[in-house]
Amino acid sequence: MNKTKTGRDQPARISKPIKLRWVSGSPEETRACGERIGRLLTGGELIALEGTLGAGKTQLVQGLARGLEITDRPVTSPTFVFVHEFRGRRPFAHVDLFRIEREEDLLDLGLLEYLDSPWVVAIEWADKAGRFLPAERLTIRLTHRSETSRTIEIEATGARAQKILDDLKRKK
């Protein structure tokens, strides 16, 4: 194992990323995609979400929460508090970095503690985390195709993430 800049252990080699692409025709289909992923999560995974405003990031996170059997309260964007915590089959942290201006601001949020834990962590606007994002992750990019349709591209980097993506491919 190698130490990252944040002091976390990382595998010495991260294999080449593999990808899966879906087209969603509605918010419910986007949530269903998230739910499929959520059912496969066992704890400790990072889901890095990328996409413009209105691309469906929060709907995908709502699906992740359904897959993690979170029923205590609705999942909404945590833009003004940065992190919402949920309890379900696995502990789940929904993070929104939209208002973050510098990577160093993440240190004040306690984000690194979530990343070094058994929590499933979904980060909206994950590209703002820069060097603090672990190499092992699922990166999900959502892009507009039309007013109701989205392209969902899932990229897995690292062995655990690739296993999740392989399982998704088999069940698609």
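Start with the whole chain on screen: residues 24 or more positions apart make up 66% of the contacts in the protein with a separation of 6 or more, where contact means heavy atoms within 4.5 Å. What you have open is a predicted model, so local features need pLDDT of at least 70 and side-chain atom pairs count only at pLDDT 80 or more, while totals for chains, interfaces and linings use all residues. Residues are numbered from 1 along each chain as its sequence is written, and side-chain values use heavy atoms, with hydrogens and water left out.

**Colour by confidence**

Try pLDDT colouring next; pLDDT is the predictor's confidence in each residue, from 0 to 100. The average is 86, and 88% of the residues score at least 70. Among the elements, strand S1 (residues 2–3) has the lowest mean at 44, and S4 the highest at 96. Now select residues 1–13: pLDDT is below 50 there, though the stretch has 22 contacts in the model beyond near neighbours in sequence. Where pLDDT is low, don't read the predicted coordinates in detail.

**Switch to cartoon**

You should find five helices and nine strands. Helices (H or I, at least four residues) and strands (E, at least two) are DSSP runs, numbered from the N terminus. Along the sequence they go β-β-β-α-β-α-β-β-α-α-β-β-β-α.

**Select S4, residues 46–50**

Four of the five residues of S4 are buried, so the rest of the structure largely encloses this strand. Buried means under 20% relative accessible area, exposed means over 50%, and partly exposed is in between (1.4 Å probe, protein chains only). By that yardstick, 51% of the 172 residues in the protein are buried.

Now bring up the strands that pair with S4; pairing takes at least two bridges found by DSSP. S7 runs parallel to S4, joined by four bridges, and Leu49 has Glu124 in S7 as its bridge partner. S8 also pairs with S4 in the parallel sense, over four bridges; there, look for Ala48 opposite Thr139.

**Show the nonpolar core**

A nonpolar core is a set of buried Ala, Val, Leu, Ile, Met, Phe, Trp, Tyr and Cys residues joined through side-chain atoms within 4.5 Å. The largest one has 30 residues, and those with the most contacts inside it are Ile37, Leu64, Phe92, Ile140, Ile154 and Leu168. S3, H1, S4, H2, S7, S8, S9 and H5 each supply at least two residues of this core.

Click on Phe92. Leaving out residues up to four places away in sequence, its contacts include Val61, Leu64, Trp119 and Val120. There is also a second, separate core of 21 residues, with Phe82, Leu106, Ala126 and Ala129 among them.

**Move to helix H5, residues 159–171**

Measure end to end if you like: at 1.5 Å times one less than its number of residues, the 13 residues of H5 should span 18 Å, and the end C-alpha atoms are 19 Å apart, which agrees. Its buried residues are Ala161, Gln162, Ile164, Leu165, Asp167 and Leu168. Show S3, H1, S8 and S9 as well, since these are what the buried residues of H5 pack against.

**Two last clicks**

Thr151 is in strand S9 and counts as buried, at 7% relative accessibility. Beyond neighbours within four places in sequence, its contacts include Arg21, Trp22 and Arg141.

Finish on Glu28 in helix H1, which is partly exposed with a relative accessible area of 38%. Draw a line from its C-alpha atom to that of Gly63: the two residues are 35 apart along the chain, and the atoms are separated by 8.6 Å.
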